[in-house]
Amino acid sequence: EEAAAKEEEKPKELRSPICVVLGHVDAGKTKLLDKIRQTNVQEGEAGGITQQIGATYFPIDAIQQKAEKLALDSGFEFKVPGLLIIDTPGHESFSNLRSRGSSLCNIAILVVDILSGLEAQTRESIGLLRQRKTPFVVALNKVDRLYGWKSTPGGAIRDSFAIQPKSTMQEFDDRLRRVMGQLAEEGLNSKMYYENESFARNVSIVPTSAMTGEGIPDLLYLVLKLTQERMTKNLMYLSEIEATVLEVKVVEGLGTTVDVILSNGILKEGDRIVLCGMSGPIVTSIRALLTPQPMREIRVKSPYVHHKQVKAAMGVKISANNLDGAIAGSRLLVVGPDDDEDELREEVMEDLAQLMASIDRS
Ligand code: GDP
């Protein structure tokens with residue numbers, strides 16, 4: 001028993017958490033993602049930040065560098081290798097949340113425009129996140145639009161607060177209180193993230209500006225801290241793979257391909273895979289596992305880098321025969337040596353009705 005307990009304590013290798021960005025149209029989802037990428041690149045922290053298929057990968061070093069500026073919880077130690085943020089806000093990733101088997105994301109950022117407060121799609125997103133039991137934080141965005149706001153580009157939010165005119169902070173407080181009231185109407189207690197002592201009880205609010213980058217260090221830090229503290233179990237490596245089809249795309253020279261988020265496990269070239277198709281289950285073998293070329297490599301012939309295998313968490317394009325009719329949102333299973341292929345065909349098709357319904361809605 002004691003040995004088992006020791007085994008439990010031993011730090012295990014963790015995978016990167018996966019984050020999705022949701023919110024009402026025009027709240028700033030796209031701009032926020034752009035800003036997260038851009039500020040990192042501008043500050044020379046690009047090393048290791050990689051554009052994947054449908055996602056951007058941020059190694060922990062790049063995030064930690066920002067977190068240090070916050071001089072917060074300096075004792076906090078990051079154990080995950082990085083963060084994978086899904087790039088397609090609102091779009092397929094949104095309806096993917098509806099697919100039952102999918103464990104697409106570990107945490108969500110719900111973007112709310114501070115001037116508009118909660119809107120129809122914000123409320124819809126809250127409903128989905130609850131249904132999926134996905135933890136989330138609120139990015140209270142566009143603080144730079146408050147009257148008289150003085151920006152400190154890329155800064156931590158409390159440093160920004162410290163230099164605002166009194167009237168601007170008064171407006172902030174009023175609008176914050178309004179949003180908190182609206183969240184309460186949805187049955188959610190909320191707190192400013194640095195005053196939140198119980199992630200389980202209260203949703204954390206992080207004021208941000210996707211325009212100036214203020215609050216983005218706070219946001220990244222919080223997302224990492226939250227996933228690591230609350231979800232270590234979900235971040236353990238599994239021998240079984242977990243993967244979701246994000247998009248189905250025809251690519252010149254490759255035919256129909258599927259863009260996949262690999263949430264757990266390892267995918268290999270040649271793996272036999274099963275996914276959900278319009279006219280029945282699709283069973284095929286992975287011909288190629290592809291990610292985009294790094295930006296610098298302009299002379300190379302193919303726009304893609306080929307991989308013998310990829311390890312979660314990762315966004316990857318799969319090229320294979322017979323992918324016509326594959327459905328976005330479908331789970332992707334690998335046929336292991338002991339698996340019954342027919343069972344996997346059935347398993348993957350269990351989600352069909354729900355997937356079709358979400359396609360109809362989008
Ligand atoms: P999405 O529909 O949620 O992806 O919203 P976008 O990212 O496209 O943003 C909608 C509009 O708001 C665009 O014109 C953005 O430039 C603008 N916007 C987004 N975030 C901010 C912000 O923090 N401050 C300001 N001033 N404008 C923003």
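This passage describes the surroundings of the ligand and the nonpolar cores of the protein in a predicted model.

The ligand is surrounded by 15 residues, and the closest of these are Asp26, Thr30, Lys31, Asp144 and Ala210. Sorted by class, the shell comprises six charged, five polar and four nonpolar residues. Helix α2, which spans residues 29-42, supplies the largest share of this shell, namely three residues.

Backbone atoms of the protein approach oxygen atoms of the ligand at several positions. At aspartate 26, a backbone N or O atom is found 2.7 Å from an oxygen atom of the ligand. A polar backbone atom of alanine 210 lies 2.8 Å from a ligand oxygen atom, and for lysine 29 the distance between a backbone N or O atom and an oxygen atom of the ligand is 2.9 Å. The ligand taken alone exposes 580 Å², of which 75% is buried by the protein.

Away from the description of the ligand, the nonpolar interior was examined. The largest nonpolar core contains 71 residues, and Ile85, Ile109 and Phe172 have the most contacts inside it. Helix α8 (residues 216-231) contributes eight residues, the largest share of this core. When neighbours within four places in sequence are left aside, isoleucine 85 is in contact with Cys19, Val21, Leu33, Ile36, Gly54, Ala55, Thr56, Phe58 and Leu220. Another core, of 22 residues, lies apart from the largest one; Leu262, Leu275, Ile282 and Leu323 are among its members.

Technical notes:
Residues numbered from 1 in each chain as written. Predicted model: local features only at pLDDT ≥ 70, side-chain atom pairs only at ≥ 80, totals over all residues. Heavy atoms only, no water. Near = heavy atom within 4 Å. Polar contact = N/O pair within 3.5 Å; in protein donor to acceptor, adjacent residues only side chain to side chain. Areas by Shrake-Rupley, 256 points an atom, 1.4 Å probe, with all protein chains shown as cover. Helix = DSSP H or I, 4+ residues; strand = E, 2+ residues; numbered from the N terminus. Nonpolar A, V, L, I, M, F, W, Y, C, P; charged D, E, K, R; others polar. Core = buried A, V, L, I, M, F, W, Y, C linked by side-chain atoms within 4.5 Å. Buried < 20%, exposed > 50% of the residue type's maximum accessible area, 1.4 Å probe, protein only. Contact = heavy atoms within 4.5 Å.
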